[in-house]
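Student: I've got a model open on my screen and I'd like to go through it with you. Can we take it one question at a time?

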Amino acid sequence: FIPVEAPHPLTGLKDQCILGHEFSGEIVHLGNGVTGFAVGQAVAADACQHCGTCYYCRHGLYNICENLAFTGLMNNGAFAEYVNV
Ligand SMILES: [Zn+2]
């Protein structure tokens with residue numbers, strides 16, 4: 001699953017990846033515009049990263065997104081101390 005021939009179209013990752021695609025943790029920082037969550041909150045993450053623009057995403061089927069990526073396989077994952085979700 002880790003892209004080795006070309007960068008992943010959604011994440012840009014190629015060749016190397018920190019594994020870890022099933023995980024839970026604690027929020028330590030919120031990005032701009034993130035609502036409904038709080039620093040310190042316990043969470044379980046959905047590893048699916050989707051484009052939001054393809055046919056499948058527009059019909060609520062993001063799990064089969066044409067550009068689907070998984071945290072920990074096509075983007076750095078939770079074997080790191082911190083992970084961006
Ligand atoms: Zn999509």
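Tutor: Sure. One definition before we start: strands are DSSP runs of at least two residues, numbered from the N terminus, and a residue lines a pocket when it has an atom within 4 Å of one of the pocket's grid points. Keep in mind that this is a predicted model.

Student: Which strand gives the most to the lining of the largest pocket?

Tutor: Two strands, β1 and β2 (42–44), each supply at least two residues of that lining. With three residues, the top contributor is β1.

Student: How much space lies in the largest pocket?

Tutor: Its lining has 22 residues, and among those closest to the centre are Ile-27, Val-43 and Asn-84. That lining splits into 14 nonpolar, five polar and three charged residues. As for the space in the pocket, the figure is about 700 Å³.

Student: Is Phe-23 buried or exposed?

Tutor: Phe-23 sits in the segment before β1. Its C-alpha is 6.6 Å from that of Ala-78, though the two are 55 residues apart in sequence. The cut-off for buried is under 20% relative accessible area. Phe-23 has 16% relative accessibility, so the call is buried.

Student: What is the area of the nonpolar surface patch that includes Val-4?

Tutor: Val-4 is in the segment before β1 (24–26). The patch joins Val-4 with Ile-2, Ile-18, Leu-19 and Phe-79. Together they make a nonpolar surface patch of about 460 Å².

Technical notes:
Residues are numbered from 1 along each chain as its sequence is written. This is a predicted model: local features need pLDDT of at least 70, side-chain atom pairs count only at pLDDT 80 or more; totals for chains, interfaces and linings use all residues. Side-chain values use heavy atoms; hydrogens and water are left out. Patches are made of residues with over 30% relative accessible area and no salt bridge: like charges are joined within 9 Å, nonpolar side chains (Val, Leu, Ile, Met, Phe, Trp, Tyr) within 5 Å. Accessible areas come from the Shrake-Rupley method with a 1.4 Å probe; for residues, only the protein chains shown count as cover. A salt bridge is a side-chain nitrogen of Lys or Arg within 4 Å of a carboxyl oxygen of Asp or Glu. Helices (H or I, at least four residues) and strands (E, at least two) are DSSP runs, numbered from the N terminus. On a 1 Å grid over the protein atoms alone, a cavity is a set of points where a 1.4 Å probe fits but cannot get out, and a pocket is an open set with protein on both sides within 12 Å along at least five of seven lines; lining residues have an atom within 4 Å of a point. Grid points are joined across faces, edges and corners, and a volume is the space filled by probe spheres set on the points. Ala, Val, Leu, Ile, Met, Phe, Trp, Tyr, Cys and Pro count as nonpolar, Asp, Glu, Lys and Arg as charged, and the others, Gly among them, as polar. Buried means under 20% relative accessible area, exposed over 50%, partly exposed in between (1.4 Å probe, protein chains only).
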